[in-house]
Structures are given as C-alpha cells and as structure tokens.
Amino acid sequence: MVNSAHSEHMHRKPCIWTEADLKGCSDMELEASGVTVRFGGIRAVENVSLRFGIHEIVGLIGPNGAGKTTLVNALSGFQKPRSGRICLAGKDVTGWRSDALARHGVARTFQAVRLFRGLTVAENIETALLSTGLARSAARARARDILGYLHLSNRADTLASGLNYGDERRVGIARALAMEPKFLLLDEPAAGLNIGEAEELGQTIASIRDDFGCGILVIEHNMALVMKLCERLHVLATGMTLATGTPTEVMADPAFKDAYLGAET
Ligand SMILES: Nc1ncnc2c1ncn2[C@@H]1O[C@H](COP(=O)(O)OP(=O)(O)OP(=O)(O)O)[C@@H](O)[C@H]1O
Ligand SMILES: [Mg+2]
C-alpha cells in the first residue's frame, strides 16, 4: 500500500525496474550459481545456488558463520568466488567489482553500518552517489528524496557520529536505496533493534519492495520478521544449502529444525 507521502516521492523519482529496462535480457533475476568461496582451509560458501527476482523478498538465514555474508559479498562484487557464476539479468557478471555492479543495480548494506562519521547524513548519501558519477545537484536532490521517503529528513544535517543506533541503521539502508537498486541486499538490517523498531523496519522493507519494485535479499536472524516478510527462504549451514522453500515449508523441514534451530537455541 503506497501512502500519500510515498506517492509524492515516487511520482518525482520513479525507480521501478520494468521489462522495458531489460531489453534482451532473459530474466529479471540476480543469481548465484554453484558459488564456492574459501578462505584458506575454511569452506565459507560451498557450491551454493540462489536466485531472486525483482518484486520479491527472499530471506537468507542460517547460524553464525554459515556463509550468509560471504554469499552476499559474492553477489555484490565484494568477494570473488573461487568457482561458480554470478548472473545479473541473464548476464554473467562473475568477477565484476562492487562499484560496477552498483552501477548496474546491485546495492547492499553491511552487517556493521559503515558511515563517514565526520560527515552529515545527507553528505554520506551524496558521497556514495557522487562515486557513481552522478552530478552534485542530482545527488543532493536524490539524497533529500530518499531521506524523506525513509522519514529521516530531520536527520539530514546531523553528523553521522551523532546518530542513535536505529537511525544509523536506517541511514545505511537510505544510502543503498539512493543507488536506485534493482536488487537490494540487506545484511542483518534489524540487528540490535528492539521488537517495535524491528517491526517498523519490516514494514519499511516491504514498502521499499512495493514502491521501488526491487528484489530484496535479506539476511536476518529475527525469525518473526523473516516469517512475516519473506516469500521464500534460503537456509545455509556451514557454507552449504540446508533447505529452501516458503517460510512454512522451511520451518517444517526436519533438517532445518535440527541444524538451525538446534544451533540457535
Ligand atoms: N575474510 C575472511 N577471512 C577468513 N575467513 C572468513 C572471512 N570472512 C568470513 N570468513 C569465515 O567464513 C565463514 C562464513 O562467514 P560469514 O561471515 O559469511 O558467515 P555469516 O553466516 O554471515 O555469519 P554471521 O551470522 O555471524 O554474520 C566463517 O567461518 C567465517 O569465519
Ligand atoms: Mg554475517
């Protein structure tokens, strides 16, 4: 449901990826295909295949150390896979750097928000946009729009070092969303938030999908949030795919119950 504040922003700054944007592409998905990442002897991600499309919210879950962040790093160009492929809208983008992928619509947030603490909130977003080649005036306007959309306008001139924890995390999302992603990868966006804040964030993520039309892959330990938000789940354990399916299917999967819930409790 788009409220009037959202409609105003979307009217000014449509950001929906449509079939027309993808002429010649076979699909509208970001895909990891048989991806393996190793660090020395550590099998961080082992032969994992995962794909998600625009307009879709997929949860990537699993115990600590399961390989979730590493897989997101591979999908967003922060980690080169040892083997396997990354495909963006049918195009092989394996080995592309993060900045190139960002220009082609793949944006992500970090498990620990990385803001420039000496810059204001608006400047943090503008800096990210300038690095993609956007002109200063356009970057400023887009930063203002995104901050408005995420109800952060009153923080625009606040130094990042002065933000409270919840706002800091929302600014991390604002910075990624300002890139106008077709695919948005969120690494534990609700980490450290209280129940009310996490619920609110869940509504924000659902609104982003509805208003911007992007596909969202969300790493999250908060199972209540995951169950409510995601259409599909992909479960990793020790770098390997343990289960996939709808939240209901995954919750009923004995392998999931043993390995994931067992490890979490
Ligand atoms: N840069 C690195 N160098 C060496 N080992 C690494 C590196 N990054 C991750 N690992 C290891 O790879 C494995 C997967 O780590 P990863 O951070 O992807 O897990 P995760 O599922 O995101 O865990 P968490 O829920 O704790 O964030 C772990 O054993 C981790 O210690
Ligand atoms: Mg992680």
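Glu 231 and Arg 209 pair up through their side chains in a salt bridge, with N and O 2.9 Å apart; the term covers a side-chain nitrogen of Lys or Arg within 4 Å of a carboxyl oxygen of Asp or Glu. Glu 231 sits in the loop between helix H8 (223–229) and strand S9 (232–237), and Arg 209 belongs to helix H7, so the bridge ties together parts that are 22 residues apart in sequence. Helices (H or I, at least four residues) and strands (E, at least two) are DSSP runs numbered from the N terminus. Glu 231 is partly exposed at 34% relative accessible area, whereas Arg 209 is buried at 15%. Here buried means under 20% relative accessible area, exposed over 50%, and partly exposed in between (1.4 Å probe, protein chains only).

The model is a predicted one, in which local features need pLDDT of at least 70, side-chain atom pairs count only at pLDDT 80 or more, and totals for chains, interfaces and linings use all residues. Residues are numbered from 1 along each chain as its sequence is written, chains are lettered from A and ligands numbered from 1 in the order in which they are written, and side-chain values use heavy atoms, with hydrogens and water left out.

The count of salt bridges comes to 14. Among them, Glu 180 joins Arg 142, the closest N and O atoms being 3.6 Å apart. This pair also links distant parts of the chain, with Glu 180 in the loop between H6 and S7 and Arg 142 in helix H5, 38 residues apart. Glu 180 is partly exposed at 25% relative accessibility, while Arg 142 is buried at 16%. Glu 46 bridges to Arg 43, with the closest N and O atoms 3.2 Å apart, and Glu 46 is itself buried at 15%. A network of salt bridges connects Glu 29, Glu 31 and Arg 51.

Next comes helix H6. H6 runs over residues 165–177, and its 13 residues reach 19 Å from first C-alpha to last, close to the 18 Å expected at 1.5 Å a residue; the expected span is 1.5 Å times one less than the number of residues. Of those 13 residues, 11 are buried, so the helix is largely enclosed by the rest of the structure. The buried set includes charged-type names such as Asp 167, Glu 168, Arg 169 and Arg 175 alongside Val 171, Ile 173 and Leu 177. Their cover includes strand S6 (106–108), helices H4 (121–130), H5 (136–149) and H7 (195–212), and strand S7 (183–187), counting contact as heavy atoms within 4.5 Å. At the N-terminal end, Asn 164 acts as a cap, with a side-chain oxygen 3.2 Å from the backbone nitrogen of Gly 166.

As for the metal, the magnesium ion (ligand 2) has Thr 69 (OG1) and Gln 111 (OE1) as its protein donors, at 2.0 to 2.3 Å. Donors are N, O and S atoms within 2.8 Å of the metal (3.2 Å for Na, K and Ca), and sites may look incomplete because water is not among the atoms. Thr 69 lies in helix H2 (residues 68–75) and Gln 111 in the loop between S6 and H4, so the pair ties together parts that are 42 residues apart in sequence. Both donors are partly exposed, Thr 69 at 26% and Gln 111 at 37%. Finally, disulfides (pairs of cysteine sulfur atoms within 2.5 Å) come to a count of 0. Cys 214 is buried at 0%, and Cys 230 is buried at 6%.

Definitions and conventions
A polar contact is a pair of N or O atoms within 3.5 Å; within protein, one must be able to donate a hydrogen and the other to accept it, and residues adjacent in sequence count only if both atoms are side-chain atoms.
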